Each structure stands twice: as C-alpha cells, then as structure tokens.
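Got the structure open? Let's go through it by asking what makes each label fit.

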2 protein chains.
Amino acid sequence: MAAATTIRDVARAAGVSVASASRALNGHRNVADAMRARVKEAARALDYVPHLGARSLSTRQTGTIGVVLPDLFGEFFSEMIRGIDSAAHRQGLQLLLSNMHGDARETEVALRAMRGRVDGLIVMSPNVGPDFLARHLPEALPAVVVNGGAEGRSCIAVDSYAGARAAVAHLVERGARKLAHIAGPADNADAQERLRGFRDGAADLLGDDDPIIFQGDFQDESGRAAGTALVERRRGVDGIFAGNDMMAVGCLDALADAGVAVPGEMMMVGFDDVPIARYARPALTTMRVAIADIGRRAFERLQASIEAPGQPPEPTERVIPELILRASTDRAITSDRPSRTQGRTP
Amino acid sequence: MAAATTIRDVARAAGVSVASASRALNGHRNVADAMRARVKEAARALDYVPHLGARSLSTRQTGTIGVVLPDLFGEFFSEMIRGIDSAAHRQGLQLLLSNMHGDARETEVALRAMRGRVDGLIVMSPNVGPDFLARHLPEALPAVVVNGGAEGRSCIAVDSYAGARAAVAHLVERGARKLAHIAGPADNADAQERLRGFRDGAADLLGDDDPIIFQGDFQDESGRAAGTALVERRRGVDGIFAGNDMMAVGCLDALADAGVAVPGEMMMVGFDDVPIARYARPALTTMRVAIADIGRRAFERLQASIEAPGQPPEPTERVIPELILRASTDRAITSDRPSRTQGRTP
DNA sequence: CTGTTAGCGCATTCAC
DNA sequence: GTGAATGCGCTAACAG
C-alpha cells in the first residue's frame, strides 16, 4: 500500500480543505452542492480510495468482525464461515480470520491479533477451558463464543449430548440390541459429549454399562480401522454410532469390503450431515448440524451486543441436531434426493 | 474496542515516556534492562494489548493479506483458504476475507475495502474480465490473481482446458465411443474452458464435431437432471465427462436409479476430486485439482512480490489437473483407499 | 540510553 | 458552509 493518493491530494486538487473533502465524500448535509461536485470529481480523477485503517482509528469503528476458529479443516470450517459471512456481508462487514490448533497459547495470540482491528469477535476454541476465554477476551470487546462457554459472554452451542442420545434412541428403535461407538479425539469437547451421550443412552435404553468404544480422530481412516476391527471380532454388535460422518463413511467402506450388509446385519448412524453422507452407499443416517445457521446466529447475536454494549448476554443458545433418516438404518429407503447441495468449482 | 489500556497507560504506570515504552515492548536493543523490566511488568499488570490498527498506520505494514474470492461455496473455497492460511499462518500473517458474487461492482467494493488494511492481495474473480482487475487493482498493492489474468500481475491458474482434454482422452482410451458433457455455468471461465477442452477432445479423438452437451450449474441436482435426460434418450452415449464432481455424483445417482451399470454400460469422469468423489459408488474417476496447493503457491508468490516490490511478475503459473483413476471408468477397481482425508467436527 | 516532536490518514470538534 | 486545529494509538526521527 505504498504512496497512494490520500484525501489531502483530493482536497488540494479540488481547492478545498481536507475537512471539507471529508465531509463531501462522506455525504454530510452541510456542504455546498458545487463543492461536493468538485470534490467528488477530483476523487474520481485521482482514483482515490479511502484508507480504512486510518478511518477506523479515528472513528473507532473497523467495519470488520474477527473470527477465531480451530483448525481450518473440512466442512465444518467452511460452513461456519459461510454462515457468518452471508450475514456479515449483508451488513457490509468484513471478516478477519485467525485460526489456531487448539493450543491455548495460539488461541491467545489469535485473540491479541484482533485488538484494534475488529468491532467484535466470534470465537470457537474447543480445546481450551471456559475460564481461559473469560480471562483473555478483552473486557470491552463484544464477543460470541461458539461451542464453549465463557463467563458473562454470549454463547451458542451444538447440543452434542442430546444429539448422541437421539442417535442411540434411533438405533434402538430400529431394533439394534448391541451398540458400538467410534469416538472422536479425546481432547475435543464435542467428541466427549457425544461419547457421554452414547454411554448414557446405551445404559438407559439397553442396560449396557460397558458398550464397545473405538478410539477415532474424526478422520475417515480411523473409522475404517474401527470397522475392520469390529468385523474381526464382531461380538454381536448390530448398530454403530460414529462420532462424525467422516468416520462413519470410512467404517461403511470397511464393512462393505468385509461383506457385512448395511443396514441388514449392521446399522450405522453418523453425526454432522456433511454432503458425503447423502452420497455414501448406503446413504448415511445422521444427526444434522446446521453449521451455517449457527454461524449466522452467532453473527446476529454479536451484532446485537455490538449495538447494545454492556448488556448482559442472553442465556446460552443450544442447537439440537436433527435426525436425518437415510438408508443406513432403514431397508425401506433406497434412494435419497437431497435438495440443498453444494458446488465447488469457481 | 472501547476504552482499553493504551501504551500511554503503560508508560505512565512505568514512569517512562511513551517512546521508551514502545521500544521496550518491541524489543529494541537500546533500552536499559531495568526499564524494560519495569515496562513489561506494567504492561502485564495492566493487561495491555497493542492496538494493531494504530501500529499499522504508523509502520505502513498491516501484517495481513487480503483474500477476495467468489462465492463462499463448497469445497473450493475452504480448500483455497486452507492453503493460503496454512502458509500465511507460518509467517504470522492474518487473512482478511471478502467475497462477492461474481458481480463486477461487488468485486470493486471488495477491492476497495482492502485499502489500508492489507499488505497484499490474493484475488480470484472468475466472472470479471482481466482488464477489469488490471484497472481496479491499486497500482502499488502487491497482488496475485488466481484463475484469471491481469496485465502486469502475478497469476496462477488451473489449466481446465488441459484437464478436460485429459479426461476425454482417458474415456476414449478406456473404450468410449460416444461422449456427452455436463457443462458448468455459462458465465464461469473454468466451465467454459472445460467445455472447450471437451469439444476439442471429442473432435480430435472421435471425430465428433457435435457432441452432446447438457447445461448444468456445478450443483449436483443439475447433474441428476442431465443423467435422467440422458437415460430417456440414450443416443448411444457410453461415456460422460462432467464439469465437476458434484454434477458427476448427481448424475451417477440418476443412472443408478435407472439401472444403468457404471462403468459397464456407461463410464463417468468428474473434475476437482472433492472428498465425495472417493466415496461415491462407484467411486468416481476425476481430474484432481490440488486447490490447497494453489492457495499455498499463491501466497508464496504474493510474499515474494511483497518483499521485492516493483519487480515484474514471473510468467503465469499453470497447474495441470491430475487424473485420479477410480471405479467409474475401470471395472478392475473395486475399492479405493484414500490416504489424505478430512475431518469436520471441531 | 531516554524524552520530545512529528506524523501515519482520516473524522471531527470548534471557531469563523 | 468552510477551514484550522486536535486526536485516534502507535512508531520513528531527532535531540539530548
């Protein structure tokens, strides 16, 4: 951004003061029509573009909101951004991105990097405790915390526990008698909640206090490994609840290779409802999390607390995942006609 | 960002001048150890976080790069961001995001919004001409243009034409004699190039100067529609090249519903290699575009032109898509073991 | 080594 | 209506 034309150049060219140029350009009422015309013409001629950094220093408004997300991996990230952006874009706001690998120190760095450059913050940091955020979030900066509370902050979270219980209930309702779970990373809060929901569900509904758990990492390969392991030592399992769709799909693949019929011999439920879930064979029953909606909601709540600063936050908003019934738990279903889909190529 | 503690507060608390505080905090050599300690202590006690907006106004460096992308849709966007971010993050740089819907006016707005807030720009704007960018890109701002040239700018592009020709060649090599193409949106540059590559390939390799073209929009539903239409009036087609994977997968679904055997009666090739391609049944042969790599490369080139301003750009870098052979064009392949995969849940 | 002065580019008092 | 002066928060150039 080297020597570009500033408002001073415009003012000089139009033969007016900087203050007048500023007023003319920003559409204030108290400017003579003639002067405004001259200033605008000069700006056009000089190809003037206001320096937003300087403007925000002076107005104390940046016109951008900061987004701190964990890893930039997979569907979750892009859906979240899309939701936030679609709402922010409508208000003419920009997004300043910062990611970190769950690491607390990195989160702190990301948070600090936002200072003086954003009007508000949307933070999702699944691997740090609530007190950490409460401590490191600048007091005066409006913020919304996604999936992870913070004292005195506006929060919005996916109810992974409820979703997991619903998934288990569905499997049992469909006739499963012995369940297994493919768990996500142990240090991930959502993975923990899903595991907990599975455990409680299995105990309550099947009286099984020691269900089979495979340790996964949310990647498809770990689902495949779990599937292979399960096939070798079936132990009467007839229903699997995977911590997310990617692992479910990987597991389905392993089962197919081993000739296990789904849903005939084994039923499968995933979590998230990523696009792949619809196109897997058999199509995957899953707990849909409308991520983009969460992003949009997060933005709306942020917007509200920016406009009414100092207000105590509303209670935490919990989003309950919705069961999407597909072939992997239902023999009657043969095909699946998704309505909302996604392109990719530019 | 209301009344937060500034460097003046720190200086006052430590009993030194603002300049000294700044020097101490920024690790300059010429500061007495005692003073530095006092300043740092004061900063810690006051929980001081530097105002980056103010800093960049003074240093003329923002520590962030701007990213202007088309729609925030699907895999492409997130992969691109991921590639850019992973490289930028290593350098401690942030990303300022701006999207637009191909609209030229929106692109201009997005570009203007970057002024004074970024050290460089990565722009992808498939629906505006090269001259548009050349005109609206601030002269002095380093920039890299992805998939769409601009005079005197560093460019990097997917060679969609070459990819399409390779796809057609592959189909023909596998024995296809009569081809059809499902085209992407007519106003999309990549879609056009893929269509052109298909036409040329069909003409050169099969002597077919009037191959069947279905108009799609890069979404899976349009692929499904094309598949249905094709089934109704087969016209001897035995090979389909889809403009992207989503349409290919949609089409595969329609073919499956109609009982058309793939690859037995009909072969299919997609474009992009999104995660779904591996898990579709049959798994989809496709032209892989390593999008994240492109993002990373774009950043590297940007970095270079930031460090050596004024240098004329190197010639446009063309990325050739790679053929990924899967079951949809090969009866011998039964399963597919992807190595690199993606999670999703946080 | 340290404090004082000036300025980044802009919006906004406050006088005229 | 318009211009001159002031300050946003910080760093850099200049004295001391």
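Q: This is a predicted model. Which helices each supply at least two residues of the surface near DNA strand C?
A: From chain A, helix 1, helix 2 (18-25) and helix 4 (52-59) do, and from chain B, helix 2 (18-25) and helix 4 (52-59) do. Helix 4 of chain A gives the most, with 5 residues.

Q: What makes a residue count as near DNA strand C, and which residues come nearest?
A: The C-beta atom, placed from the backbone, has to lie within 6 Å of the strand. Around DNA strand C there are 26 residues, and A:T6, A:I7, A:A19, A:H51 and B:A32 come nearest. By class, that surface has 13 nonpolar, 10 polar and 3 charged residues.

Q: And which residues are closest to DNA strand D?
A: Here 25 residues surround the strand, with A:A19, B:T6, B:I7, B:A19 and B:H51 the closest. Helix 2 and helix 4 of chain A, plus helix 1 (7-14), helix 2 and helix 4 of chain B, each supply at least two residues of this surface. The largest share, 5 residues, comes from helix 4 of chain B. Split by class, the surface near DNA strand D has 13 nonpolar, 10 polar and 2 charged residues.

Q: How do you know how chain A and chain B are related?
A: Try superposing them: a rotation of 180 degrees, with 0.0 Å of shift along its axis, puts chain A on chain B with an RMSD of 0.0 Å. The two copies are thus related as by a two-fold rotation axis.

Q: Why can we say that the copies meet through the same surface?
A: Because 99% of the interface residues of chain A are also interface residues in chain B. The contact takes 71 residues from chain A and 71 residues from chain B. On the side of chain A that touches chain B, the elements that each supply at least two residues include helix 4, helix 5 (74-90), strand 2 (94-99) and helix 10 (220-232). Helix 5 of chain A gives the most to that side, with 9 residues. By class, the side of chain A that touches chain B has 35 nonpolar, 21 polar and 15 charged residues.

Q: Why is helix 1 of chain A called oblique to helix 3 of chain A?
A: Their axes come within 9 Å and cross at roughly 125 degrees. Roughly perpendicular would need 65 to 115 degrees, and roughly antiparallel would need over 145. The angle fits neither, and that makes helix 1 of chain A oblique to helix 3 of chain A. The contact is made by A:D9, A:V10, A:A13 and A:A14 of helix 1 and A:R38, A:V39, A:A42, A:A43 and A:L46 of helix 3. These divide into 7 nonpolar, no polar and 2 charged residues.

Q: What makes helix 2 of chain A and helix 3 of chain A roughly perpendicular?
A: Their axes come within 9 Å and cross at roughly 90 degrees. The label covers 65 to 115 degrees, and the two helices are therefore roughly perpendicular to each other. On helix 2 of chain A the contact uses A:S20, A:A21, A:A24 and A:L25, and on helix 3 of chain A it uses A:M35, A:R36, A:V39, A:K40 and A:A43. Sorted by class, they are 6 nonpolar, 1 polar and 2 charged.

Q: Why are helix 10 and helix 11 of chain A called oblique to each other?
A: Their axes come within 6 Å and cross at roughly 40 degrees. Roughly parallel is kept for angles under 35 degrees, and roughly perpendicular begins at 65. Helix 10 and helix 11 of chain A are therefore oblique. Helix 10 of chain A passes helix 11 of chain A in a right-handed crossing.

Q: How do you know that the bond joining B:V262 and B:P263 is a cis peptide bond?
A: Look at omega, which is about 5 degrees. B:P263 sits in the loop between helix 11 (245-257) and strand 9 (267-272) of chain B. The peptide bond from B:R281 to B:P282 is cis too, with omega near -5 degrees.

Q: What is phi of B:D47?
A: Phi is near 60 degrees, a positive value in a residue other than glycine. You'll find B:D47 in the loop between helix 3 (33-46) and helix 4 of chain B.

Note on methods. Residues are numbered from 1 along each chain as its sequence is written. Chains are lettered from A and ligands numbered from 1 in the order in which they are written. This is a predicted model: local features need pLDDT of at least 70, side-chain atom pairs count only at pLDDT 80 or more; totals for chains, interfaces and linings use all residues. Copies are superposed by least squares on the C-alpha atoms of residues with pLDDT of at least 70 in both. Two residues are in contact if their C-beta atoms, placed from the backbone, lie within 7 Å. Axes are lines fitted to C-alpha atoms, for helices over the stretch in contact, and angles run from 0 to 180 degrees between N-to-C directions. Helices (H or I, at least four residues) and strands (E, at least two) are DSSP runs, numbered from the N terminus. Ala, Val, Leu, Ile, Met, Phe, Trp, Tyr, Cys and Pro count as nonpolar, Asp, Glu, Lys and Arg as charged, and the others, Gly among them, as polar. A crossing is left-handed if the near helix is turned anticlockwise from the far one by less than a right angle, and right-handed if clockwise.
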